[in-house]
Amino acid sequence: MADCLFCNIRDGKIPSVTVYEDAYVFAFLDSNPVNPGHTLVAPKIHCRRMSETDNAMLAQLVAAAKKLGDAVCAAMGASAYNFMTNNGADAGQVVMHLHFHLIPRFSGDGHRMWKGTPYAEGEMEKIGKMIKKTVGV
Ligand code: 5GP
Ligand code: ZN
């Protein structure tokens, strides 16, 4: 996609610091990291979100992230990492080329990804039923 930022990074048309590449996946440092070493892992084939890619490609992405998660932690001296994606604009996706964030974490770094609120009485069971229906289980 000519006007896609990450396709242009993949093609070297926009400078980036690449940390990993194979036949399916490329990974580079986020230019505005949550913590140093924050890495973006993306498929080489352009797609916008999870539902547009196939399971084989997702397996390649997760396998690359597994390898990279350990590498990023070892390089940065991090004890843990978050592995997540913003899937769609309302979830915070800004760059519409599927990517996973790999964020090295340090004890006491203070980052909170989200804040939970408990369900009201009976609500969890009701919502569980709704989702089971749409997932086809
Ligand atoms: P999203 O919100 O779409 O999940 O995340 C997009 C990420 O891309 C953000 O964390 C942002 O900092 C990063 N980003 C945006 N523009 C660039 C860029 O030109 N180069 C690099 N390396 N990262 C970028
Ligand atoms: Zn793209």
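The following exercises, with worked solutions, concern a predicted model of a protein chain with a bound ligand.

**Exercise 1. The overall fold**

Determine how many helices and strands the chain has, and in which pattern they follow one another.

*Solution.* Step 1: count the elements. The chain contains 3 helices and 5 strands.

Step 2: read along the sequence. The pattern is α-β-β-β-α-β-β-α.

Step 3: add the dimensions. The C-alpha trace spans about 50 × 40 × 25 Å along its principal axes. The accessible surface of the chain is about 9000 Å², and carbon and sulfur atoms hold 57% of this surface.

Step 4: consider burial. Of the 137 residues, 32% count as buried.

**Exercise 2. The nonpolar cores**

Identify which elements give two or more residues to the largest nonpolar core, and state which of them gives the most.

*Solution.* Step 1: recall a general tendency. In soluble globular proteins, nonpolar side chains tend to be buried together.

Step 2: describe the core. The largest nonpolar core has 14 residues, and Tyr20, Val25, Val41, Leu61, Leu68 and Phe100 have the most contacts inside it.

Step 3: assign the core to elements. Strand S2 (25–29), helix H2 (55–76) and strand S5 (100–105) each give two or more residues. H2 gives the most, with 6 residues.

Step 4: follow one member. With residues up to four places away in sequence left out, Leu68 touches Val19, Tyr20, Ala27, Val41 and Leu102.

Step 5: look for another core. A second, separate core has 9 residues, including Cys4, Ile9, Phe26 and Leu40.

**Exercise 3. The surroundings of ligand 1**

Find which side chains place a polar atom 2.8 Å from an oxygen atom of ligand 1, and describe the shell around this ligand.

*Solution.* Step 1: list the neighbours. There are 16 residues around ligand 1, and Leu29, Asp30, Gly92, Val94 and His101 come nearest.

Step 2: examine the polar pairs. A polar side-chain atom of His99 is 2.8 Å from an oxygen atom of the ligand, and the side chain of His101 also has a polar atom 2.8 Å from a ligand oxygen. In addition, an N or O atom in the side chain of Ser31 is 3.1 Å from a nitrogen atom of ligand 1.

Step 3: consider the cover. On its own, ligand 1 has 530 Å² of accessible area, of which the protein covers 79%.

Step 4: classify the shell. Its residues divide into 8 nonpolar, 7 polar and 1 charged. Helix H1 (5–10) gives the most to this shell, with 3 residues.

**Exercise 4. Two loop residues**

Decide for His38 and for Thr85 whether the residue is buried or partly exposed.

*Solution.* Step 1: locate His38. This residue lies in the loop between S2 and strand S3 (39–43).

Step 2: apply the cut-off. A residue is buried when its relative accessible area is under 20%. The value for His38 is 3%, so His38 is buried.

Step 3: inspect the surroundings of His38. Its side chain reaches the backbone nitrogen of Val34 at 3.0 Å. Among the residues that His38 touches are Phe28, Leu29, His101 and Leu102.

Step 4: locate Thr85. This residue is in the loop between strand S4 (80–84) and S5.

Step 5: apply the limits again. Partly exposed residues lie between the 20% and 50% limits. Thr85 has a relative accessible area of 23% and is therefore partly exposed.

Step 6: inspect the surroundings of Thr85. A polar atom of its side chain is 2.8 Å from the backbone oxygen of His99. Beyond four places away in sequence, Thr85 touches Leu98, His99 and Phe100.

Conventions:
Residues are numbered from 1 along each chain as its sequence is written. Chains are lettered from A and ligands numbered from 1 in the order in which they are written. This is a predicted model: local features need pLDDT of at least 70, side-chain atom pairs count only at pLDDT 80 or more; totals for chains, interfaces and linings use all residues. Side-chain values use heavy atoms; hydrogens and water are left out. A nonpolar core is a set of buried Ala, Val, Leu, Ile, Met, Phe, Trp, Tyr and Cys residues joined through side-chain atoms within 4.5 Å. Buried means under 20% relative accessible area, exposed over 50%, partly exposed in between (1.4 Å probe, protein chains only). Helices (H or I, at least four residues) and strands (E, at least two) are DSSP runs, numbered from the N terminus. Contact means heavy atoms within 4.5 Å. A residue is near a molecule or strand if one of its heavy atoms lies within 4 Å of it. A polar contact is a pair of N or O atoms within 3.5 Å; within protein, one must be able to donate a hydrogen and the other to accept it, and residues adjacent in sequence count only if both atoms are side-chain atoms. Accessible areas come from the Shrake-Rupley method with a 1.4 Å probe; for residues, only the protein chains shown count as cover. Ala, Val, Leu, Ile, Met, Phe, Trp, Tyr, Cys and Pro count as nonpolar, Asp, Glu, Lys and Arg as charged, and the others, Gly among them, as polar.
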